[in-house]
Amino acid sequence: MAKRHLKVTGDLGRVVFMEYDLRNTPSLEESVRHSDIVYNLVGRDYPTKNFDLEDVNVEGAERIAEAVAKYDIDRFIHMSSYNADKNSPSAFYRTKGQGEEVVRSIFPETTIVRPAPVFGFEDKLLHKLAGQANLFTSNRMQERFRPVHSIDIGSALAVMAEDDSTAGETYELYGPKEYSMAEIAAMVDREIIKHRRHINLPPRVLKRLSEWYNKLIWWSQTCADKVEREFIDQKVDPKAKTFKDLGIEPANIANYTFHYLQSYRSSSFYDLPPATEREKREEKKYLHVIDDQ
């Protein structure tokens with residue numbers, strides 16, 4: 001049921017789902033054996049009672065790479081993450097770095113993709129900031145990164161499929177401008193014409209709170225490792241290739257907030273158009289003073 005909406009993205013019979021289990025090697029082999037190219041988009045940024053981060057990002061990636069190598073698939077594209085580093089203090093970044101080494105050791109022609117935090121429909125960036133559940137933070141939202149558009153990521157993956165020269169390369173895919181989480185949150189507040197409150201807690205307290213919170217609900221809101229990641233800025237590997245090498249100009253998140261966040265506005269402001277560039281320039285000329293008396 002969770003995946004049936006993807007059926008309509010292709011013509012009749014073009015999108016075919018195959019059941020697999022990440023711990024069941026024969027099911028993985030059956031899924032890839034007739035393929036010309038395999039994209040590994042399986043990943044997890046929080047642990048569950050059934051799978052921890054190493055189970056998915058390292059061991060799962062290893063089994064998929066072994067299946068690809070066994071049937072001599074022409075191309076294998078592995079989705080990793082920005083800041084992937086086997087020596088990172090974050091378990092997510094650490095397992096992503098370990099996963100990259102494992103798949104490259106098994107299938108040297110693997111193309112590795114490291115996307116920055118992604119924005120788009122149903123993303124975990126803009127929609128998280130616009131929602132009411134994102135209440136607690138730990139680093140005063142000072143984490144800095146270069147958000148990237150989901151459409152640009154899709155375009156890059158499509159180019160990689162057609163260009164064999166991308167085999168064996170590593171790509172860092174990120175947006176044109178760096179922001180702090182606080183700057184993006186302010187951008188979101190302006191767009192939805194509401195103010196979302198964020199309460200800063202010490203990391204030790206928030207980590208314990210997140211562990212307790214996850215025991216009460218079945219869906220993911222936060223975890224101790226996400227708190228750790230709030231203190232790690234995005235670092236770009238200078239040796240990796242980028243959108244420029246694929247002939248793609250990445251989009252700036254500031255140009256898409258209205259498109260993705262309009263539904264969070266109240267009915268009073270729903271049809272209010274986004275500010276024009278001229279209005280934005282005029283706004284900067286004035287100092288607004290709010291009298292609460």
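Guide: Two strands pair if DSSP finds at least two bridges between them; helices (H or I, at least four residues) and strands (E, at least two) are DSSP runs, numbered from the N terminus. This is a predicted model, where local features need pLDDT of at least 70 and side-chain atom pairs count only at pLDDT 80 or more, while totals for chains, interfaces and linings use all residues. Residues are numbered from 1 along each chain as its sequence is written, and side-chain values use heavy atoms, with hydrogens and water left out.

Visitor: OK, let's try that out. Which residue in β2 is the bridge partner of tyrosine 39?

Guide: Start with the strands: β1 and β2 run parallel and share four bridges. Within that pairing, tyrosine 39 has its bridge partner in β2, and that partner is isoleucine 77.

Visitor: In what order do the four strands of the open sheet come?

Guide: β1 and β8 (170-173) are its edge strands, each pairing on one side only. The pairing is parallel, and the order is β1-β2-β3-β8.

Visitor: By what angle are neighbouring strands of this sheet turned against each other on average?

Guide: Axes here are lines fitted to C-alpha atoms (for helices over the stretch in contact), with angles from 0 to 180 degrees between N-to-C directions. For this average, though, direction is ignored, and the turn comes out at 15°.

Visitor: Over how many bridges do β3 and β8 pair?

Guide: You can pick out facing residues: valine 113 stands opposite tyrosine 171 in β8, and proline 115 stands opposite leucine 173. Strand β3 (residues 111-115) pairs with β8 in the parallel sense, and the number of bridges is four.

Visitor: How many residues of β2 are buried?

Guide: Buried means under 20% relative accessible area, exposed means over 50%, and partly exposed is in between (1.4 Å probe, protein chains only). On one side of β2 sit Arg75, Ile77 and Met79, on the other Phe76 and His78, and all are buried. Of the five residues in β2, the buried count is five.

Visitor: At about what angle to β2 does α2 run?

Guide: Contact means heavy atoms within 4.5 Å. Helix α5 (residues 150-162) packs on the sheet too, touching β1, β2, β3 and β8, with its direction at about 160° to that of β2. As for α2, this helix lies across β1 and β2, and its angle to β2 is about 170°.

Visitor: Which elements do the buried residues of α2 pack against?

Guide: Among the buried residues of α2 are Leu53, Val56, Gly60, Ile64 and Val68. Residues three or four places apart in an α-helix point the same way, because there are 3.6 residues a turn. The packing partners of the buried set in α2 are α1 (25-32), β1 (37-40), β2 (75-79), α3 (91-106) and α8 (224-229).

Visitor: What comes just after α2, and what is the phi of aspartate 72?

Guide: Aspartate 72 is in the loop between α2 and β2. Its relative accessibility is 61%, so aspartate 72 counts as exposed. Just after α2, then, comes aspartate 72, with a positive phi of about 50°.

Visitor: Methionine 141 has a positive phi as well; is that residue buried or exposed?

Guide: Methionine 141 lies in the loop between β5 (136-137) and β6, and its phi is near 60°. With a relative accessible area of 11%, methionine 141 is therefore buried.

Visitor: Back to β8. With which side chain does threonine 170 make a polar contact?

Guide: Threonine 170 has 15% relative accessibility, so this residue counts as buried. Leaving aside neighbours within four places in sequence, threonine 170 is in contact with Arg104, Ile112, Arg114, Ala240 and Lys241. A polar contact is a pair of N or O atoms within 3.5 Å; within protein, one must be able to donate a hydrogen and the other to accept it, and residues adjacent in sequence count only if both atoms are side-chain atoms. At 3.2 Å, the side chain in question is that of arginine 104.

Visitor: Last one: what do the buried residues of α6 pack against?

Guide: Helix α6 (residues 181-192) has twelve residues and its end C-alpha atoms are 16 Å apart, which agrees with the span expected at 1.5 Å a residue, taken as 1.5 Å times one less than the number of residues. Its buried residues include Met181, Ile184, Val188 and Ile192. They pack against α4 (126-130), β6 (144-145), β9 (179-180) and α10 (257-261).
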